[in-house]
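Reader: Could you zoom in on one part of this model for me and walk me through it? I'd like the cut-offs spelled out along the way, since I'll want to compare them with my own scripts.

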Amino acid sequence: MDEIILRLDRETAAVLRDHIYMVGEHFAAGTPVEQFPQEDAERLARVMCDLDRALGGPGCMACAMSGRSHH
């Protein structure tokens with residue numbers, strides 16, 4: 001098995017857990033997801049960047065999608 005391991009600080013891990021849960025609850029209820037607070041969005045963008053790099057990507061899908069060149 002080819003594993004991907006990401007190391008997160010405790011606060012980022014909690015934000016990730018909370019938002020995954022919230023998105024799932026909203027999806028199940030058929031309701032729109034509210035915009036994330038800016039600080040949470042930045043934390044999650046860094047996680048997405050790290051995940052993309054770990055998967056062999058250029059390292060910043062989140063940045064590319066937001067028009068930024070880096071975090």
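**A close look at one side chain**

Author: Let's start with Arg43, which is buried at a relative accessible area of 12%. Here buried means under 20% relative accessible area, exposed means over 50%, and partly exposed is in between (1.4 Å probe, protein chains only). Before going on, a word on the ground rules: this is a predicted model, where local features need pLDDT of at least 70 and side-chain atom pairs count only at pLDDT 80 or more, while totals for chains, interfaces and linings use all residues. Residues are numbered from 1 along each chain as its sequence is written, and side-chain values use heavy atoms, with hydrogens and water left out.

Now the setting. The protein chain has 3 helices and 0 strands, in the order α-α-α from the N terminus on. Those labels are DSSP runs numbered from the N terminus: helices are H or I with at least four residues, strands are E with at least two. Arg43 belongs to helix 2, which covers residues 38–54. That helix has 17 residues and goes 24 Å from first to last C-alpha, close to the 24 Å expected at 1.5 Å a residue; the expected span is 1.5 Å times one less than the number of residues. Besides Arg43, the buried residues of helix 2 are Asp40, Leu44, Ala45, Val47, Cys49 and Asp52. Over the whole protein chain, buried residues account for 21% of the 71 residues.

So who does this arginine talk to? One partner is Asp9, whose side chain makes a salt bridge with Arg43 at 3.4 Å, N to O. Asp9 sits in the segment before helix 1 and Arg43 in helix 2, so this pair ties together parts that are 34 residues apart in sequence. A salt bridge here is a side-chain nitrogen of Lys or Arg within 4 Å of a carboxyl oxygen of Asp or Glu. As a rule of thumb, side chains of opposite charge can pair when their charged atoms come close. Asp9 itself is partly exposed, at 43% relative accessible area.

Another partner sits in the same helix as Arg43: Glu39, with a salt bridge of 3.9 Å, N to O. The two are 4 residues apart in helix 2, which means about one helical turn separates them. Glu39 is partly exposed, with a relative accessible area of 48%. Put Glu11 into the picture as well, and you get a network of salt bridges linking Asp9, Glu11, Glu39 and Arg43. By the salt-bridge rule, the count comes to 5. For one that involves other residues, try Arg17 and Asp18, whose closest N and O atoms are 2.9 Å apart. There Arg17 is exposed at 53%, and Asp18 is partly exposed at 40%.

Back to Arg43, because its side chain also meets that of Thr12 in a polar contact of 2.6 Å. A polar contact is a pair of N or O atoms within 3.5 Å; within protein, one must be able to donate a hydrogen and the other to accept it, and residues adjacent in sequence count only if both atoms are side-chain atoms. Thr12 is in helix 1, residues 10–29, and is buried at a relative accessible area of 5%. Leaving out neighbours within four places in sequence, Thr12 is in contact (heavy atoms within 4.5 Å) with Arg43 and Val47. Chain-wide, if you take contacts between residues at least 6 apart in sequence, 44% join residues at least 24 apart.

Now a look at the surroundings. Leu8 is in the segment before helix 1 and is partly exposed, at 35% relative accessibility. Together with Ile4, Leu6 and Leu55, Leu8 forms a nonpolar surface patch of about 320 Å² accessible area. Patches are made of residues with over 30% relative accessible area and no salt bridge, joining like charges within 9 Å and nonpolar side chains (Val, Leu, Ile, Met, Phe, Trp, Tyr) within 5 Å. The accessible surface of the protein chain is about 5600 Å², with 57% of it on carbon and sulfur atoms; areas come from the Shrake-Rupley method with a 1.4 Å probe, and for residues only the protein chains shown count as cover.

Finally, the far end of helix 2. Gly56, just after the helix, takes a positive phi of about 90°. Pro58 follows in the loop between helix 2 and helix 3 (61–66) and is exposed, at 78% relative accessibility. With neighbours within four places in sequence set aside, Pro58 is in contact with Asp52 and Arg53.
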